[in-house]
Amino acid sequence: MIPSHVAASTWIAQQVFALVEIWALVARHSGFVGAWRLTGVCKASCEGAKGWLGTLPGLVVCGGLRWSGLYVNKVWRLDLATLQWRPMPALVVARISHACCTVRGALVVLGGFVDKGDEEETTSSVETLSKQPGGVFTNLPPLSCGGIANAVAIAVEESDSVAGQVLLLGGTNTEGNAPSTAVHLVDLATGTCTPQPALLYSRCNLSAVRLSNGRVVCAGGLGSDGTHSTIEVWGSSANQASRAASTWTQLPSMIDGRFDCCGCVMSNGCLAMLGGKTADMVDMSSCEMPVVGEDEQWHSLPPMHQERSGFACAAIAGCIIVSGGQDTQSAEVYDEVRNQWILLPCSGGPFAEEDLPAIGSAVL
């Protein structure tokens with residue numbers, strides 16, 4: 001029996017919307033939070049949404065310090081399709097307060113403090129995790145500029161070097177652990193650190209990001225004169241020659257001074273600064289972003305559910321994911337569309353037993 005026009009239309013609609021591929025496409029346009037909501041619609045939507053979520057990069061956390069004083073060499077990755085932390089190959093050297101970023105699909109870890117028995121030592125060691133299946137961390141040539149900790153690493157977009165290049169900004173070195181204005185271009189194949197234009201302010205425990213136009217922004221941190229609310233930007237384009245000829249320029253300051261904070265670039269290209277510590281060593285939940293206009297002032301975003309400092313952070317698929325930090329083991333996500341924070345039910349991983357400060361994190 002041939003179905004009626006209405007019945008036929010209903011049958012066709014059911015077949016189309018049952019297709020996993022269609023739901024995967026809907027998930028992609030819904031972002032991370034929207035995709036997770038789709039998992040509860042029907043079996044096909046769950047399969048399609050989970051399939052798309054599985055294509056997203058994950059948040060990687062490495063190293064850190066247990067309250068017992070143990071330096072950690074473990075590495076974990078948050079799978080966004082399951083919200084579970086998965087173990088990864090361990091670091092060669094357990095370390096804290098190190099810089100971490102992804103270069104050409106490989107995780108790179110630079111500097112930090114290592115345990116030397118009764119004291120900690122600033123290290124110049126560099127190691128990388130191969131992007132090949134079954135890869136492990138291996139040592140790269142050490143930094144020619146010497147040991148450095150509490151700095152930030154940003155991958156340089158180029159294809160001329162053998163193993164990639166990284167910008168290493170601010171931090172503390174082996175000479176008195178004072179905050180630094182130094183910026184180095186690090187060639188990972190040789191460890192050679194080429195000085196770049198210095199920061200306007202000395203900074204350690206800072207945040208730095210590369211904007212979509214290639215410019216690099218440094219914000220917050222501890223300086224020789226206290227906790228920074230200052231912002232500075234370097235470069236006029238993604239072009240290497242233009243960047244080398246540029247100097248740092250000061251931008252309007254944040255509402256709050258903060259260090260051990262995190263910064264990221266949202267899907268609309270705007271910079272967001274999250275959490276950290278105040279000058280009085282109080283953990284913060286506040287978040288803010290600059291508003292482009294005549295006065296170019298900063299605007300408050302909704303605060304996180306929990307105060308966080310020294311935590312992991314990543315901007316992925318229309319949201320910001322944060323996890324851990326001093327005195328907290330939870331994870332949460334900021335939905336850019338809904339302008340709200342949502343707690344995530346993540347299980348296992350680096351924060352399963354206790355909080356883990358002084359970690360490194362990256363998107364991989």
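Is Glu127 buried or exposed, and what is its relative accessible area? I shall begin with that residue. The model before you is predicted: local features need pLDDT of at least 70, side-chain atom pairs count only at pLDDT 80 or more, and totals for chains, interfaces and linings use all residues. Residues are numbered from 1 along each chain as its sequence is written, and side-chain values use heavy atoms, with hydrogens and water left out.

Glu127 is buried, at a relative accessible area of 0%. Buried here means under 20% relative accessible area, exposed means over 50%, and partly exposed lies in between, with a 1.4 Å probe and protein chains only. The residue belongs to strand β8, residues 126-129. Strands (E, at least two residues) and helices (H or I, at least four) are DSSP runs numbered from the N terminus.

What does the side chain of Glu127 reach at 3.2 Å? It is the backbone nitrogen of Val93. A polar atom of the same side chain also lies 2.6 Å from the backbone nitrogen of Val92. Leaving aside neighbours within four places in sequence, Glu127 is in contact with residues including Leu91, Arg95, Leu107, Phe137 and Asn139; contact means heavy atoms within 4.5 Å.

I turn now to the largest nonpolar core. Such a core is a set of buried Ala, Val, Leu, Ile, Met, Phe, Trp, Tyr and Cys residues joined through side-chain atoms within 4.5 Å. This one has 31 residues, of which Phe32 and Ile321 touch the most other members. Among the elements that give it two or more residues are α2 (20-38), α3, β1 (59-62) and β2 (75-79). Helix α2 gives the most, with six residues. Not counting residues up to four places away in sequence, Phe32 touches, among others, Trp52, Leu53, Ile316, Ile321 and Val333.

Helix α3 spans residues 43-53, and its buried residues are Ala44, Ser45, Gly48, Ala49, Trp52 and Leu53. Seen down the axis of α3, these residues fall within an arc of 160°, so they line one face of the helix. The arc is that of the directions from the helix axis to the C-beta atoms.

Next, the sheets. Two strands pair if DSSP finds at least two bridges between them. One open sheet has four strands in the order β3-β2-β1-β30, with antiparallel pairing. Strands β3 (84-88) and β30 (360-363) stand at its edges, each with a single partner strand, so one side of each has no neighbour in the sheet. Between β1 and β2 there are four bridges, and Leu59 stands opposite Leu78 in β2.

Another open sheet of four strands runs β16-β17-β20-β21, again with antiparallel pairing. Here β16 and β21 (248-251) are the edge strands, each with a single partner, so one side of each is left without a neighbour in the sheet.

What lies between β16 and β17 in their hairpin? There are five residues between them, and Gly214 in the turn has a positive phi of about 95°. Four bridges join β16 (residues 207-210) to β17 (residues 216-219), with Val217 as the bridge partner of Val209.

Key:
A polar contact is a pair of N or O atoms within 3.5 Å; within protein, one must be able to donate a hydrogen and the other to accept it, and residues adjacent in sequence count only if both atoms are side-chain atoms.
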